[in-house]
Amino acid sequence: MDSQQMENTRSTSPAIAVIILNWNGEKLLREYLPQVTATTDATLSRVIVADNGSTDGSLAYLRSPEAPKVEIMEFDRNYGFAEGYNKAIAAVSDEYEYVVLLNSDVATTEGWDRALYDYMESHPRCGGCQPKLRAYLNKESFEYAGAAGGFIDKNGYPYCRGRIFSTCEQDHGQYDTPMEIHWASGACLMVRRQLYIEAGGLDAGFFAHMEEIDLCWRIRLAGYSLAAVPASVVYHLGGGSLPADNPRKTYLNFRNNLLMLHKNLPDGVRKGFLFRRRLLDTVAWAKFVLTFDFVNAEAVLKAHRDFAKMLKAYTSFPTENLIGKDRQSKVDILTSYYLKGRKTYSRVME
């Protein structure tokens with residue numbers, strides 16, 4: 001098949017399945033879906049809404065004349081973020097070379113999918129990539145869940161170009177170069193469909209939070225890279241499922257961070273690493289107690305109790321330790337942020 005025939009085939013068969021997982025998100029669909037469909041290249045991508053057993057008016061809206069025309073996939077119940085996406089990606093046709101996991105509270109911009117696609121096509125060993133994420137309610141600022149690309153520090157804490165802990169930088173173009181990263185945000189993650197399946201997809205045991213970081217870690221262990229592609233820009237509301245101070249979110253973040261480290265560290269370093277993290281989590285627990293935030297303090301304890309029950313389910317571990325292999329995973333963001341006052345990615349990297 002010559003190049004012209006390939007282009008003609010691709011124009012009739014989109015290469016990308018853009019999958020929006022929805023659960024009781026009628027309001028978000030009404031606000032964001034029209035812009036997603038208006039700014040997504042229909043010759044390149046197909047927008048699919050996978051409904052995770054919604055009980056609100058989501059499906060009625062999607063089938064109404066006022067809604068944009070998208071494909072609809074229905075599940076019988078809420079399978080959570082991880083298993084919901086696994087089911088959706090398994091169900092889409094293998095004609096799609098790429099899938100995009102797109103949150104229902106993301107507003108895309110013109111050319112967002114083309115920029116990600118072009119990067120992946122020109123970097124065959126890149127397993128997945130993300131756009132630059134800005135905040136929907138503060139459009140000059142990077143957004144918490146991904147910013148301009150994610151990393152993991154020496155203690156296993158996730159951080160980003162453009163966001164360290166709760167501090168999000170203003171976007172002045174300082175991170176506008178593409179860059180290899182440790183993890184790409186699940187708010188908008190393009191990944192090779194077959195690689196996603198071969199890597200095992202998102203871990204359903206996580207239910208929600210940090211499952212994309214775990215997946216990205218496994219993709220890197222398989223020999224692929226990940227990248228941030230700032231030429232693609234999206235705006236993320238964030239907190240669309242759980243507010244930042246919700247004890248359920250605290251529980252999931254602490255538990256899943258421990259699970260992620262347990263799964264992806266080799267035998268020689270795992271025990272010592274997790275012991276150090278338990279000490280650091282104890283400090284976080286004490287902070288909640290001292291500020292009389294007893295519900296979040298209990299969430300930390302519950303996270304550790306449940307981690308102890310769940311870790312036995314994981315019996316296969318890698319032989320390679322990715323932490324410490326590059327500059328970004330040698331830094332200590334706790335020390336940089338709280339003791340040295342370095343609250344931007346550029347300062348942390350000094």
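## Salt bridges across the chain

A search of the whole structure turns up 20 salt bridges. Keep in mind as you read that this is a predicted model. Let's start with one of these bridges, between Glu71 and Arg46, whose closest N and O atoms are 3.5 Å apart. This pair links distant parts of the chain: Glu71 belongs to strand E3 (residues 71–75) and Arg46 to strand E2 (residues 45–52), 25 residues apart. How open to the surroundings are the two partners? Glu71 has 37% relative accessibility, so it counts as partly exposed. Arg46 is also partly exposed, with a relative accessible area of 27%.

Another salt bridge joins Glu320 and Lys325, with 3.8 Å between the closest N and O atoms. Glu320 is partly exposed, at a relative accessible area of 33%, while Lys325 reaches 53% relative accessibility and therefore counts as exposed. Salt bridges can also join up into networks, and one network here links Lys132, Arg134, Asp171 and Asp176.

## A buried lysine and its partner

Now for a residue worth finding in the 3D view: Lys263, which lies in helix H8 (residues 247–264). Is Lys263 buried or exposed? Its relative accessibility is 12%, and the cut-off for buried is under 20%, so Lys263 counts as buried.

Lys263 has a salt-bridge partner in Asp203, and the closest N and O atoms of the two are 2.9 Å apart. The bridge connects distant parts of the chain, from Lys263 in helix H8 to Asp203 in the loop between helix H6 (193–198) and H7, 60 residues apart. Both Lys263 and Asp203 are buried. Which other residues does Lys263 touch? Leaving out residues up to four places away in sequence, the contacts of Lys263 include Phe206, Asp214, Arg218, Tyr314, Ser316, Phe317 and Pro318 as well as Asp203.

## The covered helix H7

Two of the residues touched by Lys263, Asp214 and Arg218, are among the buried residues of helix H7. How much of this helix is covered? Helix H7 runs over residues 211–221, and 10 of its 11 residues are buried. Among them are the charged residues Glu211, Glu212 and Arg220, together with Ile213, Leu215, Cys216, Trp217 and Ile219.

An α-helix has 3.6 residues a turn, so residues three or four places apart point the same way. Just after H7 comes Gly223, which takes a positive phi of about 100 degrees.

## Rings that meet

Aromatic side chains form pairs as well, and a search of the whole structure finds 13 of them. In one, Tyr98 and Tyr117 meet edge-to-face, at 5.8 Å centre to centre and with 85 degrees between the planes. Tyr98 lies in strand E4 (residues 98–102) and Tyr117 in helix H5 (residues 112–122), so the pair ties together parts that are 19 residues apart in sequence. Both Tyr98 and Tyr117 are buried.

A second pair, Phe165 and Tyr338, is tilted, with 5.5 Å from centre to centre and 40 degrees between the planes. This pair links distant parts of the chain: Phe165 sits in the loop between strand E9 (163–164) and strand E10 (167–168), and Tyr338 in helix H11 (residues 333–339), 173 residues apart. Phe165 has 17% relative accessibility, so it counts as buried. Rings can gather in groups too: Phe142, Phe151, Tyr159, Tyr175 and Tyr345 form one aromatic cluster.

## Charges over rings

Some charged side chains sit over aromatic rings. The charged end of Arg270 lies over the ring of Phe317, 3.6 Å from its centre. You have met Phe317 before, as one of the residues that Lys263 touches. Elsewhere, Lys87 lies over the face of Phe75, at 5.4 Å from the ring centre.

## The whole chain

Finally, let's step back. The chain has 12 helices and 13 strands. Its radius of gyration is 20 Å, close to the 20 Å that the globule rule gives for 350 residues, so the chain is as compact as a globular protein of that length. Along its principal axes, the C-alpha trace spans about 60 × 45 × 45 Å.

What share of the 350 residues is buried? The answer is 55%. Among contacts between residues at least 6 apart in sequence, 76% join residues at least 24 apart. The accessible surface of the chain comes to about 15500 Å², and 54% of that belongs to carbon and sulfur atoms.

Conventions:
Residues are numbered from 1 along each chain as its sequence is written. This is a predicted model: local features need pLDDT of at least 70, side-chain atom pairs count only at pLDDT 80 or more; totals for chains, interfaces and linings use all residues. Side-chain values use heavy atoms; hydrogens and water are left out. Rings of Phe, Tyr and Trp (its six-membered ring) pair if their centres lie within 6.5 Å; planes under 30 degrees apart count as stacked, over 60 as edge-to-face and the rest as tilted. Helices (H or I, at least four residues) and strands (E, at least two) are DSSP runs, numbered from the N terminus. Buried means under 20% relative accessible area, exposed over 50%, partly exposed in between (1.4 Å probe, protein chains only). A charge sits over a ring if NZ of Lys or CZ of Arg is within 6 Å of the ring centre and within 35 degrees of the ring normal. The radius of gyration is taken over C-alpha atoms; the globule rule is 2.2 Å times the number of residues to the power 0.38. Contact means heavy atoms within 4.5 Å. Accessible areas come from the Shrake-Rupley method with a 1.4 Å probe; for residues, only the protein chains shown count as cover. A salt bridge is a side-chain nitrogen of Lys or Arg within 4 Å of a carboxyl oxygen of Asp or Glu.
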